Amino acid sequence: MDYIMNTLGNLVQQTAFLNLTIGNVVMIGVACLFLYLAIRHEFEPLLLVPIAFGMLLVNIFPGIMTSTHDSENGVGGLLYYFYLLDEWAILPSLIFLGVGAMTDFRPLIANPKSFLLGAAAQFGIFAAYLGAMALGFSDKAAAAISIIGGADGPTSIFLAGKLGQTDIMGPIAVAAYSYMSLVPIIQPPIMKLLTTKKEREIKMEQLRPVTKLEAILFPIIVTIVVCMILPTTAPLVGMLMLGNLFKESGVVRQLTETASNALMYIVVILLGTSVGATTSAEAFLNWDTIKIVVLGLVAFAFGTAAGVLFGKLMCLATGGKVNPLIGSAGVSAVPMAARVSQKVGAEADPTNFLLMHAMGPNVAGVIGTAVAAGTFMAIFGVK
């Protein structure tokens with residue numbers, strides 16, 4: 001009888017119920033909310049579903065993220081090994097490979113002025129950096145947090161890992177991906193506030209055709225120029241341009257299909273679940289997380305506003321040939337930010353078609369955010 005009672009007692013002790021804290025319960029609730037938003041309302045489901053499930057798992061069974069150093073037998077938890085690939089900047093770089101293979105750079109090549117709009121939208125990054133410093137974060141932590149302003153989750157994870165800010169990587173990644181999913185909600189009010197109906201109705205001239213030679217040379221030239229100036233951007237910019245070269249060369253269709261489909265989705269699963277698993281109650285429920293979430297929203301709003309305002313300046317300089325709405329697409333959320341520009345423009349004039357024009361700043365924003373990350377790494381002497 002005693003043996004049976006001891007066995008039952010051990011079984012009860014092994015259940016998660018006796019080990020759950022109030023914080024774990026809160027985080028399980030947050031994970032379920034994210035799953036609801038992703039599944040019911042389709043807010044970036046490819047990102048939020050694995051992130052939310054990783055969050056759910058780690059708050060029920062913390063051992064799934066146990067490091068090899070903390071483990072009794074020297075074997076880490078499953079998601080710990082996935083997380084090491086984030087920390088080593090492998091998964092974010094592979095995400096960029098997939099993005100490059102999926103993205104058409106022709107709108108940017110056809111309208112090089114889009115680079116200026118993409119650069120203007122990076123203002124939010126530096127605004128967040130100053131804000132984070134003012135709130136008491138260290139310079140490296142502030143730099144890692146600020147990349148949220150570019151609405152670029154992989155780059156946020158990449159920079160946090162490179163700068164050694166792994167203790168806040170979870171809140172940074174969750175904030176970045178959350179704001180990426182909320183682009184259609186956050187951006188339109190800012191865009192409408194800063195533009196007149198007449199400006200939103202501006203129709204832009206059709207983009208010139210881009211030759212195949214231009215499309216092939218572009219990723220090669222960008223890699224040489226950017227990586228020569230900022231070698232630290234090579235993992236991100238290099239992978240982005242390699243993926244695009246796969247696509248544009250037309251001679252490696254198998255590699256293009258693999259990078260943009262199978263590999264991309266495998267990496268999303270590994271990255272999403274491991275990022276979600278960094279959000280244990282102890283790591284996530286604190287004032288620093290609240291500051292990061294607020295700073296991320298401010299940075300994203302500033303980036304959107306800066307892009308629109310620079311678009312207004314270009315509109316003025318070109319005599320009304322540039323619709324300021326495409327400036328908001330300068331954040332890195334590809335292609336969602338460009339679709340938002342199209343949607344807001346179509347609300348003002350249903351015959352207005354801005355999508356391809358907005359893709360130029362959108363792609364430029366991806367490159368710009370990677371350059372911003374490389375700049376921070378160069379400032380802090382990180383290679």
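This report walks through the largest pocket of a predicted model and two of the helices that help to line it.

## The largest pocket

Let's start with the empty space. The largest pocket holds about 760 Å³. Its lining takes in 29 residues, and Glu44, Met180, Met264, Val334 and Pro335 sit closest to the centre. As for chemistry, the lining splits into 22 nonpolar residues, three polar ones and four charged ones.

Who builds the wall? Seven elements put in at least two residues each: helix 3 (45–60), helix 5 (90–102), helix 11 (169–181), helix 12 (183–194), helix 16 (253–276), helix 19 (336–348) and helix 20 (355–379). Helix 5 gives the largest share, with four residues.

## Helix 20

Helix 20 runs for 25 residues, and its first and last C-alpha atoms are 36 Å apart, close to the 36 Å you'd expect at 1.5 Å a residue. Most of helix 20 is covered, with 19 of the 25 residues buried.

Just past the end of helix 20 comes glycine 381, which has a positive phi of about 70°.

## Helix 12

Helix 12 has twelve residues, which at 1.5 Å a residue should span 16 Å; the 17 Å between its end C-alpha atoms agrees with that.

Which residues of helix 12 are buried? They are Val183, Ile186, Gln187, Pro188, Ile190 and Met191. In general, an α-helix has 3.6 residues a turn, so residues three or four places apart point the same way. The buried residues of helix 12 pack against helix 11, helix 18 (287–317) and helix 19. Of these partners, helix 11 and helix 19 also supply residues to the lining of the largest pocket, as helix 12 does.

Notes:
Residues numbered from 1 in each chain as written. Predicted model: local features only at pLDDT ≥ 70, side-chain atom pairs only at ≥ 80, totals over all residues. Heavy atoms only, no water. 1 Å grid on protein atoms, 1.4 Å probe; cavity = no way out; pocket = protein on both sides within 12 Å on 5 of 7 lines; lining within 4 Å. Points joined across faces, edges and corners; volume = space filled by probe spheres on them. Nonpolar A, V, L, I, M, F, W, Y, C, P; charged D, E, K, R; others polar. Expected span 1.5 Å × (residues − 1). Buried < 20%, exposed > 50% of the residue type's maximum accessible area, 1.4 Å probe, protein only. Contact = heavy atoms within 4.5 Å.
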